[in-house]
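Here's a walk through one protein model, written for someone who'd rather be at the bench. Have the structure open while you read.

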Amino acid sequence: MIVYSGNKDSFMNSVENDTIAIEVEEMIRKLMGRKTPKSEYRSWENSLSYMYKVLNVDDIPSDAGIAIEYNIPQTSKRVDFLISGYDEKDDPGVTIIELKQWDELKSVEGLDALVETYVGGGLRTVVHPSYQVWSYAQLIRDYNATVQDEDIAINPCVCMHNYIRRENDPVDDKIYSSYYKEAPVFTKGQISFLREFIRKSIKKGDNKENIQKIENGKIRPSKSLQNSISSMLKGNKEFVMIDEQKVVYEKILHYSELCQKDFKKRTIIIKGGPGTGKSVIAVNLLAELTMRDQMVQYVSKNSAPRDVYKRKLKGDFKMSNIDNLFKSSGTFTDTKNNSIHTLLVDEAHRLNEKSGMFHNKGENQVKEIIKSAYCSVFFIDESQRVTMDDIGSVDEIKNWAGELGAQVIEMELVSQFRCNGSDGYISWLDNILEIHDTANYDLDGIDFDFRICESPSEVRDIVNAKNKTGIARILAGYCWDWNKKEAKNTDYHDIQIGDFEMSWNLGSGEPFAVSDTSINEVGCIHTSQGLEFDYVGVILGKDIRFEDDHIVTDFTKRARTDQSLKGIKKLYKDNPDEARRRADEIIKNTYRTLMTRGMKGCYVYCEDEKLAEHFRQRMHAYAEGFKRIQRDINNESANNKQD
């Protein structure tokens with residue numbers, strides 16, 4: 001969808017008559033049904049007046065096409081300004097320009113393609129503008145069939161007309177070089193350079209013909225995108241499917257393809273505990289459905305699994321067109337009905353109601369995902385809901401599927417491929433944490449290396465040793481404040497227990513699960529959920545203890561910086577019982593999740609000594625005595641019946 005289109009002459013006349021912002025505002029009201037905020041209106045006036053100056057030369061043809069606010073189909077992303085025409089060889093091209101009002105910017109070391117700037121009333125971390133407009137250009141190249149078939153060149157750049165560039169400017173920091181080489185940044189006083197960039201692809205006008213071709217182009221993944229993800233997945237042993245994973249995968253393929261034939265909406269719910277292969281199936285489906293000409297995306301609320309799977313697929317490549325295949329669950333608030341072929345939602349239990357930084361956008365993420373796609377696939381484990389905002393449940397998904405007229409298909413993954421293939425270990429955890437009543441009272445006969453350590457230092461020693469032959473990490477409950485100001489300081493130790501000191505995972509830019517330096521840091525639920533390691537060490541904080549023969553949780557012992565239980569104090573004032581129930585579920589689920597991240601072993605330190613002793617007793621000896629008592633009771637009961 002394009003808000004405004006015309007040629008250079010009509011655009012210049014509108015600016016000269018001071019009507020361009022009014023025309024854009026009116027079209028947004030007609031097309032989108034929304035009122036334009038004053039700040040946005042002023043930004044159009046300023047930026048479009050600047051573009052008037054840029055285009056006010058004879059050698060940029062008067063019949064070149066002009067478009068403002070082009071909404072890239074199947075996304076909520078909008079390109080600010082487009083100019084279309086033909087180059088000196090008569091090859092078609094479109095220059096896309098990201099217009100920024102920014103006058104200040106700071107580079108962010110260690111975090112790929114991110115900068116800090118004042119936007120939305122405060123200092124925010126956002127993507128570098130070159131990366132932003134490059135990713136928009138890549139979306140158009142990768143999914144617009146007309147652009148692919150007619151070889152229309154898409155040339156991205158950035159115009160920051162208020163920004164005064166200085167020597168060694170952060171916008172030119174070498175850490176962003178791969179992005180600004182693809183999408184150069186033009187700042188205040190650089191009109192001549194921006195004109196020259198436009199002239200390279202716009203020598204002759206086209207009366208917006210190429211813009212209209214892009215607007216009307218069908219959606220189809222490009223061969224380059226298909227080849228990229230296919231080659232990345234090929235030979236990657238981490239994504240090989242086993243047994244029932246393959247069965248579920250094939251069934252999802254069938255239903256997804258059926259949606260594209262009969263145009264009926266379907267919602268598929270895949271239930272499965274830790275290590276059942278939900279993410280492996282999702283990544284394989286992402287590749288295969290893309291190869292089958294579908295627009296498909298991997299979706300998660302938590303960024304950690306997205307970042308890790310992108311990294312594992314891309315290897316050492318920083319820039320890749322597969323980046324656009326991975327999306328946050330909050331990106332579908334404005335997406336049109338059935339505008340995407342298939343959405344694969346991993347960690348669906350983590351979905352929220354509202355989206356955005358301030359949880360004020362959209363209505364419901366489950367609803368918005370189902371609405372956006374013909375086929376929506378939700379991979380879910382309800383026992384991994386770990387914050388007050390987590391609304392993902394089978395019932396929630398079914399309710400919205402019914403509301404939106406989607407057929408519901410349910411499947412379940414049962415076999416564990418994590419924890420040494422041991423269903424028994426996870427069942428034992430459910431039992432001892434009093435999450436579910438299971439038959440696994442002890443660990444006898446279970447092939448999994450589980451130990452209770454005397455100190456956190458012992459946990460660290462074991463994990464360091466295991467990391468030499470595999471991937472091992474230390475994780476902890478969120479009971480120690482995270483100091484944002486010291487996020488990059490390895491000498492600052494957030495977690496202190498006696499003489500044991502370590503930092504929370506540092507803001508190094510590398511995903512915690514794959515960063516080489518993570519062995520020296522402690523991960524939390526947010527950096528490890530949805531991922532797996534060979535071995536994990538887990539520190540259980542003071543938010544969980546053993547008292548009066550039961551597991552007791554205490555939300556008051558959680559860190560002040562923890563957002564997982566945000567709102568619990570207010571709920572406690574209004575409804576203490578419900579607050580305790582919610583907090584108990586979240587804390588237990590958190591530790592269950594952390595203690596199931598290791599495939600081969602888990603090494604635990606408990607701050608509460610009674611809890612540690614409870615674990616020790618339930619591992620072997622005490623459990624055997626309990627079973628003998630149970631057998632005696634059962635035998636006595638049977639004898640009484642005979643009498």
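What follows covers the cores, one enclosed helix, the helix pairs, the cysteines and a few single residues.

First, the ground rules. This is a predicted model, so local features need pLDDT of at least 70 and side-chain atom pairs count only at pLDDT 80 or more, while totals for chains, interfaces and linings use all residues. Residues are numbered from 1 along each chain as its sequence is written, and side-chain values use heavy atoms, with hydrogens and water left out.

**The cores**

Let's begin with the greasy part. A nonpolar core here is a set of buried Ala, Val, Leu, Ile, Met, Phe, Trp, Tyr and Cys residues joined through side-chain atoms within 4.5 Å. Buried means under 20% relative accessible area, exposed means over 50%, and partly exposed is in between (1.4 Å probe, protein chains only). The largest nonpolar core has 157 residues, and the members touching the most others are I252, Y425, F450, L540, M595 and F615. Apart from that core lies another of 34 residues, including V54, A64, I66 and F197.

F450 is a good one to click on. Contact means heavy atoms within 4.5 Å, and if you skip neighbours within four places in sequence, F450 is in contact with Y425, W428, L443, M595, C602, V604, F615 and M619.

**Helix 15, tucked inside**

Two of those partners, Y425 and W428, are among the buried residues of helix 15. Helices (H or I, at least four residues) and strands (E, at least two) are DSSP runs, numbered from the N terminus. Helix 15 covers residues 423-432, and eight of its ten residues are buried, so the rest of the structure largely encloses it. The full buried set is G424, Y425, I426, W428, L429, D430, N431 and I432.

What do they pack against? Strand 16 (449-452), strand 23 (550-553), helix 19 (576-594), strand 24 (598-606) and helix 20 (609-619). Right after helix 15 comes E434, whose phi is positive, near 60 degrees.

The loop between helix 15 and strand 16 is home to H436. At a relative accessible area of 40%, H436 is partly exposed. Beyond residues up to four places away in sequence, H436 touches S383, D430 and N431, and the last two belong to the buried set of helix 15.

**How the helices cross**

Three helix pairs are laid out below. Axes are lines fitted to C-alpha atoms, for helices over the stretch in contact, and angles run from 0 to 180 degrees between N-to-C directions.

| Pair | Angle | Axis distance |
|---|---|---|
| Helix 13 (365-372) and helix 14 (394-403) | about 45 degrees | 9 Å apart |
| Helix 3 (38-55) and helix 7 (191-201) | roughly 70 degrees | within 9 Å |
| Helix 15 and helix 20 | about 135 degrees | 12 Å apart |

Angles under 35 degrees count as roughly parallel, over 145 as roughly antiparallel, 65 to 115 as roughly perpendicular and the rest as oblique. Helix 15 is therefore oblique to helix 20, and W428, N431 and I432 of helix 15 meet H614, F615, R618 and M619 of helix 20. Helix 13 and helix 14 are likewise oblique to each other. Their contact uses V366, K367 and I370 from helix 13 and E396, I397, W400 and A401 from helix 14.

Helix 3 and helix 7, by contrast, are roughly perpendicular. Y50, M51, K53, V54 and L55 of helix 3 touch I191, L194, R195 and I198 of helix 7.

Helix 3 also carries S47. S47 is buried at 4% relative accessibility, and away from its sequence neighbours (up to four places) S47 touches L99, Q101 and H161.

**Cysteines and a buried lysine**

How many disulfides does the structure hold? Zero, where a disulfide is a pair of cysteine sulfur atoms within 2.5 Å. Why does C157 not pair up with C159? Because C159 has the closest cysteine sulfur to that of C157, yet 7.5 Å separates them, too far for a bond. C157 is buried at 0% relative accessibility, and C159 is buried at 1%.

Lastly, look at K327 in strand 12 (residues 326-328). Is K327 buried or exposed? Buried, with a relative accessible area of 13%. Not counting neighbours within four places in sequence, K327 is in contact with Q297, Y298, V299, S300, R306 and F332. The C-alpha atoms of K327 and T517 are separated by 26 Å, with their positions 190 residues apart along the chain.
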